[in-house]
Amino acid sequence: KEAMAMGLPVLASALMGLKEMVTPETGRLVQPGAMAPLAEGLAWLAGLDPAARARLGAAARARLEARFTLQTQAAALGTAISRLAA
């Protein structure tokens, strides 16, 4: 989330919590613990032209701002608590 907040494209492991954050429009997910996909992802990221990097970074920041604000996270937590209480 920190990289996305800075407007950077993301390369991350496809783990819980990251899978809903990173999309093809914001970066790339790779298999956890697998070195070859990580190396390929780093090569992909390094090979992006500045305009593509900027597009991915802008999309990453926009996704973060739209879906993961204090308000949206508080609302989701409130909904979860309400369901448990019911």
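Helices are DSSP runs of H or I spanning at least four residues, numbered from the N terminus. By that definition, helix α3 covers residues 50–67 of this predicted model. A60 has its place in α3.

A60 is fully covered. The relative accessible area of A60 is 0%. The cut-off for a buried residue is under 20%, so A60 counts as buried. Residues up to four places away in sequence set aside, A60 touches M4, L8 and T26. Q71 lies eleven residues from A60 along the chain. The C-alpha atoms of A60 and Q71 are separated by 18 Å.

The overall fold was examined next. The protein chain contains four helices and two strands. Read from the N terminus, the order of elements is α-β-β-α-α-α. The radius of gyration of the chain is 15 Å, whereas the globule rule gives 12 Å for 86 residues. The value is well over the rule, so the chain is more spread out than a compact globule. Along the principal axes, the C-alpha atoms fill a box of roughly 50 × 30 × 15 Å.

Burial and contacts were then considered for the whole chain. Of its 86 residues, 23% count as buried. The chain exposes about 5700 Å². Carbon and sulfur atoms supply 65% of that exposed area. Contacts between residues at least 6 apart in sequence were also examined. Among these, 47% join residues at least 24 apart.

The two strands form a pair. Strand β1 spans residues 10–13, and β2 spans residues 27–30. β1 and β2 run in the parallel sense and are joined over four bridges. Within this pairing, L11 of β1 stands opposite R28 in β2. In a regular strand, side chains alternate between the two faces of the sheet. The faces of β1 can be listed residue by residue. V10 and A12 make up the covered face of β1. L11 and S13 make up the uncovered face. L11, the residue opposite R28, thus belongs to the uncovered face of β1.

The loop between β1 and β2 holds T23. The relative accessibility of T23 is 15%. This falls under the 20% cut-off, so T23 counts as buried despite its loop position. The side chain of T23 also makes a polar contact with the side chain of E25, at 3.0 Å.

Technical notes
Residues are numbered from 1 along each chain as its sequence is written. This is a predicted model: local features need pLDDT of at least 70, side-chain atom pairs count only at pLDDT 80 or more; totals for chains, interfaces and linings use all residues. Side-chain values use heavy atoms; hydrogens and water are left out. Buried means under 20% relative accessible area, exposed over 50%, partly exposed in between (1.4 Å probe, protein chains only). A polar contact is a pair of N or O atoms within 3.5 Å; within protein, one must be able to donate a hydrogen and the other to accept it, and residues adjacent in sequence count only if both atoms are side-chain atoms. Two strands pair if DSSP finds at least two bridges between them. The radius of gyration is taken over C-alpha atoms; the globule rule is 2.2 Å times the number of residues to the power 0.38. Contact means heavy atoms within 4.5 Å. Accessible areas come from the Shrake-Rupley method with a 1.4 Å probe; for residues, only the protein chains shown count as cover.
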